[in-house]
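Thanks for asking me to look this one over. My notes follow as numbered points, to be read with the structure open.

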Amino acid sequence: MSVSRRLGRVEEGLELLNRRAKTWNIVTMSRIQGPLTGKILRHALELAQHRHPALNTRIVGTPGRLYFEAGNAHLSLRVVPATEPQQWLEVVHEELNQGLDPQTGLLRAVLVQMAQTTSYLITTVHHAIADARCCLQLHAQLLIYSEQIWSTAPLPAISSLPALPPIEELMPPELRGPDRLLRKARFLLKNGLQMLRYRPQSLGFEQYAPIPQRRCGMVQRSLDPEFTQRIVQRCRQEGATVQGALCAAMMFTVAERIKSGKHMAVRLSCQSYLDLRQQLTLSSEPMAVLASACRGYYTLEPEVSLWELARRVKHDLASGLKHSDLYDNMLLSKELFEFCFTFPRSVPIAVSVSNLGRVTLPEHYGPFTLEAISFAGSNTLYAGMYGTNVTTFQGQMILNFIYSQPSVSAGTMEQLIDHTLAQLAHATQPTELTAIAPP
């Protein structure tokens with residue numbers, strides 16, 4: 001964004017969430033070994049700001065007339081000397097529950113320095129200028145710059161990337177034509193009819209709170225490489241995907257809690273987030289929001305198997321891509337967010353999975369080693385939703401389960417996660433095991 005411009009509709013919707021719910025921004029966390037200091041990281045952030053015009057912009061104006069204004073953006077950096085092993089996780093929870101001041105800058109960074117040479121780099125980036133994939137890429141870029149700064153050799157020249165237009169202008173021409181309003185109307189009608197037909201259930205509210213009073217909770221679980229590989233291999237054997245298997249296991253978990261031991265069918269909605277870069281032929285480096293969601297509706301009969309449900313999710317995602325549902329969902333995201341603000345007791349989504357799959361970033365950057373990397377999209381808006389953000393790096397799958405409190409309590413979330421992972425362990429064993437106890 002070398003020049004100021006008005007926010008697109010998708011970007012406006014995401015700033016609406018930041019202002020009214022302190023939510024939907026991207027929190028990325030990396031565990032790093034090496035002599036990373038606040039001074040080195042501050043210099044690296046300045047180089048990244050030069051590389052990415054989006055990081056040197058602010059959002060100004062009033063709702064309905066919001067603009068990106070280039071220049072004078074401040075990237076906040078805080079250095080925290082840790083006194084407890086889990087202090088980095090406390091910082092993550094703080095970041096998940098703190099909105100960004102868009103008139104100051106659209107990125108905030110925290111360096112949590114642990115014992116010896118271990119540190120955690122935690123960034124919070126406004127979702128209007130980035131999605132999870134480019135945020136992970138940004139962490140790798142900061143480590144590349146940190147290596148160059150640490151070496152004290154002359155820094156290579158860094159060129160600025162070209163500014164990207166709003167996502168609406170990157171979509172296929174047929175989606176931007178004169179019939180776009182008709183397409184929007186058809187998409188809204190289709191979703192409305194599906195909601196009426198399926199009347200999907202959800203976890204609901206353990207305790208209701210207005211949106212401004214809700215908080216985002218997170219539980220992180222790491223799967224060892226052997227378990228991760230077992231899931232991947234079994235998905236191939238079953239003609240499913242890891243995305244589908246995670247969705248199915250989480251829907252099974254929610255269904256078991258709703259049934260409470262009864263023999264009954266349960267109707268659920270499940271939302272999957274997918275990257276549009278391949279469809280738009282864009283690389284992962286430019287910072288922009290280039291991810292969208294596809295929602296499916298499922299009736300879980302008592303006899304349905306996890307792998308049958310996983311294959312249904314795979315089929316629905318392929319169908320959504322074919323019929324451009326992902327683009328339609330993005331174009332109407334602002335309206336969907338406003339619906340949730342108007343009806344704060346609604347629970348439109350029971351399960352949500354955003355899986356980036358195998359992360360192919362380098363592990364070593366001179367004196368710095370990237371040991372783990374994952375992300376979380378903050379959520380307070382969707383109460384009663386069971387969601388997770390997933391990455392697989394160096395063979396290890398990390399799942400960051402996100403939930404809105406107090407609609408779901410921390411104790412309930414731990415039970416749900418334990419049951420989901422038990423479902424996956426059971427489904428990937430070579431022989432049948434005993435039934436999984438409900439959460």
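1. Helix H13 makes a good starting place. Its buried residues pack against three other helices and three strands by name: helix H7 (225-238), helix H8 (242-259) and helix H10 (306-322), along with strand S8 (215-223), strand S14 (386-393) and strand S15 (396-405). The buried residues behind this packing are Thr412, Met413, Leu416, Ile417, His419, Thr420, Leu421, Gln423, Leu424, His426 and Ala427. Please keep in mind throughout that this is a predicted model.

2. The length of H13 also checks out. The helix covers residues 410-427, and its 18 residues should span 26 Å because a helix rises 1.5 Å a residue; the end C-alpha atoms are indeed 26 Å apart, which agrees.

3. Helix H1 passes the corresponding test. With 13 residues (9-21) at 1.5 Å a residue, H1 should span 18 Å, and its end C-alpha atoms are 18 Å apart, so the expected and computed values agree. Just after the helix comes Lys22, which has a positive phi, near 50 degrees.

4. How many of the 13 residues of H1 are buried? Ten are, so to speak of H1 as mostly covered is fair, given that buried means under 20% relative accessible area. The buried set consists of Val10, Glu11, Glu12, Gly13, Leu14, Glu15, Leu16, Leu17, Asn18 and Ala21; you may like to notice that Glu11, Glu12 and Glu15 are on that list. The partners of these buried residues are strand S1 (5-6), strand S3 (57-62), strand S4 (65-70), helix H5 (167-170), helix H11 (325-331) and helix H12 (333-342).

5. Arg6 belongs to strand S1, one of the elements against which the buried residues of H1 pack. Arg6 counts as partly exposed because its relative accessibility is 35%. Leaving out residues up to four places away in sequence, Arg6 touches Glu11, Glu12, Gly64, Arg65, Leu66 and Tyr67. Ser151 is elsewhere: 145 residues from Arg6 in sequence and 41 Å from it in space, C-alpha to C-alpha.

6. Is Ser292 buried or exposed? Ser292 is buried, because its relative accessible area is 2%. This serine sits in strand S10 (residues 291-300). Beyond its neighbours within four places in sequence, Ser292 is in contact with Ser272, Tyr273, Leu274, Leu276, Leu326, Asn329 and Met330.

7. For the opposite case, look at Pro162, in the loop between helix H4 (132-150) and H5. Pro162 is exposed, since its relative accessible area is 66%. Its C-alpha atom is separated by 39 Å from that of Ser269, 107 residues apart along the chain.

8. Now for the chain as a whole, which has 13 helices and 15 strands. A compact globule of 439 residues would have a radius of gyration near 22 Å; the chain has 21 Å, so the two agree. The C-alpha atoms fill a box of roughly 70 × 55 × 40 Å along the principal axes.

9. Of the 439 residues, 56% count as buried. Among contacts between residues at least 6 apart in sequence, 79% join residues at least 24 apart.

10. Finally, the surface and the charges. The chain exposes about 18,600 Å², with carbon and sulfur atoms supplying 53% of it. There are 42 positive and 36 negative charges, and their mean positions are 5 Å apart.

Conventions
Residues are numbered from 1 along each chain as its sequence is written. This is a predicted model: local features need pLDDT of at least 70, side-chain atom pairs count only at pLDDT 80 or more; totals for chains, interfaces and linings use all residues. Side-chain values use heavy atoms; hydrogens and water are left out. Helices (H or I, at least four residues) and strands (E, at least two) are DSSP runs, numbered from the N terminus. The radius of gyration is taken over C-alpha atoms; the globule rule is 2.2 Å times the number of residues to the power 0.38. Buried means under 20% relative accessible area, exposed over 50%, partly exposed in between (1.4 Å probe, protein chains only). Contact means heavy atoms within 4.5 Å. Accessible areas come from the Shrake-Rupley method with a 1.4 Å probe; for residues, only the protein chains shown count as cover. Lys and Arg count as positive and Asp and Glu as negative; His and the chain ends are not counted. The place of a charge is taken as NZ of Lys, CZ of Arg, CG of Asp or CD of Glu. The expected span of a helix is 1.5 Å times one less than its number of residues.
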